[in-house]
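I opened this notebook to record what I looked up in the structure, entry by entry. The model goes here, ahead of my notes.

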Amino acid sequence: MGKLAERLNIPPDVAEGATIVNMYGNHSALVENYKSIIEYSNTLIKLQGKHVKLLIEGEKLEIDRFTREDCKIRGNIQMVQYIPM
């Protein structure tokens, strides 16, 4: 983390633009700092992050909401995988 970010007490994940996934059980996920939706079906959602691709696999998956900052996914989430670039 850069010295300025340290002085401002900014968390490393925010300073680096890391893709962050907050899980709410296995039925909902909030993905922050993603760039785009690469693939979307009811069993697989693939997102592009700054440094990773994110795969979310499951059943009855749907994108509940997406904005420039975050993407909310609902369904029976069975696996989340980060693929480094």
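Which side chain does that of Asp 70 meet in a salt bridge? I looked it up and found Arg 65, at 3.2 Å from N to O, where a salt bridge is a side-chain nitrogen of Lys or Arg within 4 Å of a carboxyl oxygen of Asp or Glu. I then looked up the accessibility of the two residues: Asp 70 counts as buried because its relative accessibility is 16%, whereas Arg 65, at 36%, counts as partly exposed. I take buried as under 20% relative accessible area, exposed as over 50%, and partly exposed as in between, with a 1.4 Å probe and protein chains only.

Before going further I note that this is a predicted model, in which local features need pLDDT of at least 70 and side-chain atom pairs count only at pLDDT 80 or more, while totals for chains, interfaces and linings use all residues. Residues are numbered from 1 along each chain as its sequence is written, and side-chain values use heavy atoms, with hydrogens and water left out.

**Entry: the sheet**

I looked up the strand order next and found an open sheet of 6 strands, arranged 1-2-6-5-4-3 with antiparallel pairing. Strand 1 (20-24) and strand 3 (34-40) stand at the edges with a single partner strand each, so one side of each has no neighbour in the sheet. From one strand to the next, the twist averages 30°; the axes behind such angles are lines fitted to C-alpha atoms, for helices over the stretch in contact, and the angles run from 0 to 180 degrees between N-to-C directions. Strands here are DSSP runs (E, at least two residues; helices are H or I, at least four), numbered from the N terminus, and two strands pair if DSSP finds at least two bridges between them.

Strand 5 and strand 6 pair in the antiparallel sense over 12 bridges, and I noted Val 52 opposite Pro 84 in strand 6. Strand 3 and strand 4, also antiparallel, are joined by 5 bridges and form a hairpin with 3 residues between them.

**Entry: charged pairs**

In that hairpin I looked up Glu 39, which stands opposite Lys 46 in strand 4, and their side chains meet in a salt bridge at 3.8 Å, N to O. Glu 39 is partly exposed at 35% relative accessibility, and Lys 46 is partly exposed at 22%.

A search of the whole structure gave me 5 salt bridges. One of them joins Lys 72 and Asp 64 at 3.8 Å, N to O, and these two residues belong with Glu 62 and Arg 74 to a network of salt bridges. Lys 72 is partly exposed at 27%, as is Asp 64 at 37%.

**Entry: the core and Ser 28**

Which members of the largest nonpolar core touch the most other members? Among its 13 residues they are Val 31, Leu 47, Ile 56 and Ile 73; such a core is a set of buried Ala, Val, Leu, Ile, Met, Phe, Trp, Tyr and Cys residues joined through side-chain atoms within 4.5 Å. Strands 2 (28-32), 4 (44-49), 5 (52-66) and 6 (70-84) each give two or more residues, and strand 5 gives the most, with 4.

Leaving aside neighbours within four places in sequence, Ile 56 has contacts that include Val 31, Leu 44, Ile 73 and Met 79, contact meaning heavy atoms within 4.5 Å.

Last, I looked up Ser 28 in strand 2, which counts as buried at 7% relative accessibility. With the same neighbours in sequence left aside, Ser 28 is in contact with residues including Asn 22, Lys 72 and Arg 74.
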